[in-house]
Amino acid sequence: MRIGIDLGGTKIEAIALDAAGTELRRVRVATPRGDYDGTVGAIRDLVLEMESVLGETGSVGVGIPGTVVAATGLVKNANSTWLNGRPLQKDLCKALSREVRCANDANCFAVSEAIDGAGRGSRVVFGVILGTGCGGGIAIDGSVHAGANGVAGEWGHTPLPWAKGDELPGPACYCGKSGCLEGWISGTGFEWDFARVTSRDLRGAEIVKAAESGDDDAEAAVQRLTSRIARGLAVVVNVLDPDVIVLGGGLSNLDRLYDGELSRQLSDYSFGGGITTPIRRNVHGDSSGVRGAAWLWPERATGTTV
Ligand SMILES: [Zn+2]
């Protein structure tokens with residue numbers, strides 16, 4: 001049995017999968033915000049509850065909103081800031097008396113889609129989450145590629161490429177820089193850009209609906225979004241050239257992203273053109289993060305006791 005935990009800013013979700021990836025049980029609790037020891041305890045209790053109800057022991061993988069730096073074992077870049085600088089993986093191992101694997105939540109998304117989702121059968125999967133923020137993750141042969149510094153795939157905090165005119169310098173980002181892709185192509189960025197140009201305040205889904213109804217302002221916003229995602233992904237293709245790109249998060253529900261225009265522009269911006277990389281909508285939706293956490297143990301179904 002594999003147990004996956006998705007540690008979010010407002011809730012912690014746990015899932016248990018059998019060897020075939022079938023969901024056995026799912027539980028959610030509120031995140032003890034600002035309370036590190038409480039967060040470790042809540043994860044421990046969720047795992048023990050799962051195992052008690054299901055009558056077996058599982059491997060444990062945890063998706064976190066940040067990364068564990070290999071050299072130090074400490075969490076960094078988590079927007080749940082009470083985790084930063086803390087040895088979360090080590091403390092979870094101690095609390096659960098076994099080896100526990102932690103990975104960035106966007107990397108978990110990529111792993112989930114690589115194993116039995118939209119990237120199934122592909123060696124190198126680039127996963128993109130276009131939600132409140134903009135995350136990127138890399139799965140190679142079904143495993144996380146976190147990188148030497150734990151920041152591989154942190155595509156959202158690279159600048160919008162081939163920026164033009166009023167796209168410079170771009171919005172200030174919480175990371176301390178300006179013009180990050182996240183500020184443009186996250187759901188939040190999409191709404192901000194629409195408001196910036198039109199002085200109208202609409203939610204992302206409302207902008208999409210307005211575009212479908214023939215609203216010129218909304219149509220132009222969707223076209224700007226498409227161009228920006230294409231430019232961002234062209235850099236991914238030039239550096240990583242993944243076998244497939246899988247989109248997740250709220251904006252991945254925008255049908256227009258799969259009608260060929262995004263792919264055409266991706267090819268135009270990538271070096272030399274002729275790019276045929278498929279861009280697919282995710283299969284597992286909101287469950288990708290927690291499923292991917294469970295799949296952080298691809299090779300065996302039970303954790304090693306330490
Ligand atoms: Zn940034």
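Between which domains does the second largest pocket lie? In this predicted model, domain 1 (2-105 + 293-298) and domain 2 (118-282) both give residues to the lining of the second largest pocket, so this pocket lies between them.

**Figure 1. The second largest pocket, with about 400 Å³ of space.** The lining of this pocket is made up of 26 residues, and Gln 89, Arg 101, Cys 102, Ala 103 and Ala 146 are the closest to the centre. Two or more lining residues come from each of β5 (67-68), α2 (88-96), β7 (100-104) and β10 (143-144). Strand β7 supplies the largest share, 5 residues. Sorted by class, the lining of the second largest pocket holds 14 nonpolar, 9 polar and 3 charged residues.

**Figure 2. The largest pocket, with a volume of about 1,400 Å³.** Lining residues number 44, and those closest to the centre of the largest pocket are Asn 79, Asp 105, Ile 129, Thr 132 and Gly 133. The elements that contribute two or more residues to this lining are the strands β1 (2-7), β2 (11-17) and β9 (134-140) and the helices α3 (105-116) and α9 (288-294).

**Figure 3. The lining of the largest pocket by class and by domain.** The class counts are 25 polar, 10 charged and 9 nonpolar residues. Domain 1 (2-105 + 293-298) and domain 2 (118-282) each give at least three residues to the lining of the largest pocket.

**Figure 4. The zinc ion and its protein donors.** The donor atoms are ND1 of His 157 and the SG atoms of Cys 173, Cys 175 and Cys 180, at 2.1 to 2.3 Å from the zinc ion. Angles subtended by the 4 donor atoms run from 104 to 118°, which makes the arrangement tetrahedral. For comparison, the ideal angle for four tetrahedral donors is 109.5 degrees. Along the chain, the donors of the zinc ion follow the spacing H-x15-C-x1-C-x4-C. Two of these donors, His 157 and Cys 173, are 16 residues apart, and both sit in the loop between β10 and α4 (181-185).

**Figure 5. Exposure of two zinc donors, His 157 and Cys 173.** The relative accessible area of His 157 is 26%, so this residue is partly exposed. Cys 173 has a relative accessible area of 13% and is therefore buried, the cut-off for buried being under 20%.

Definitions and conventions: Residues numbered from 1 in each chain as written. Predicted model: local features only at pLDDT ≥ 70, side-chain atom pairs only at ≥ 80, totals over all residues. Heavy atoms only, no water. 1 Å grid on protein atoms, 1.4 Å probe; cavity = no way out; pocket = protein on both sides within 12 Å on 5 of 7 lines; lining within 4 Å. Points joined across faces, edges and corners; volume = space filled by probe spheres on them. Helix = DSSP H or I, 4+ residues; strand = E, 2+ residues; numbered from the N terminus. Nonpolar A, V, L, I, M, F, W, Y, C, P; charged D, E, K, R; others polar. Domains from an automatic or database assignment. Donors = N, O, S within 2.8 Å, 3.2 Å for Na, K, Ca; no water. Tetrahedral: all angles 85-135°; square planar, octahedral: opposite > 155°, others 65-115°. Buried < 20%, exposed > 50% of the residue type's maximum accessible area, 1.4 Å probe, protein only.
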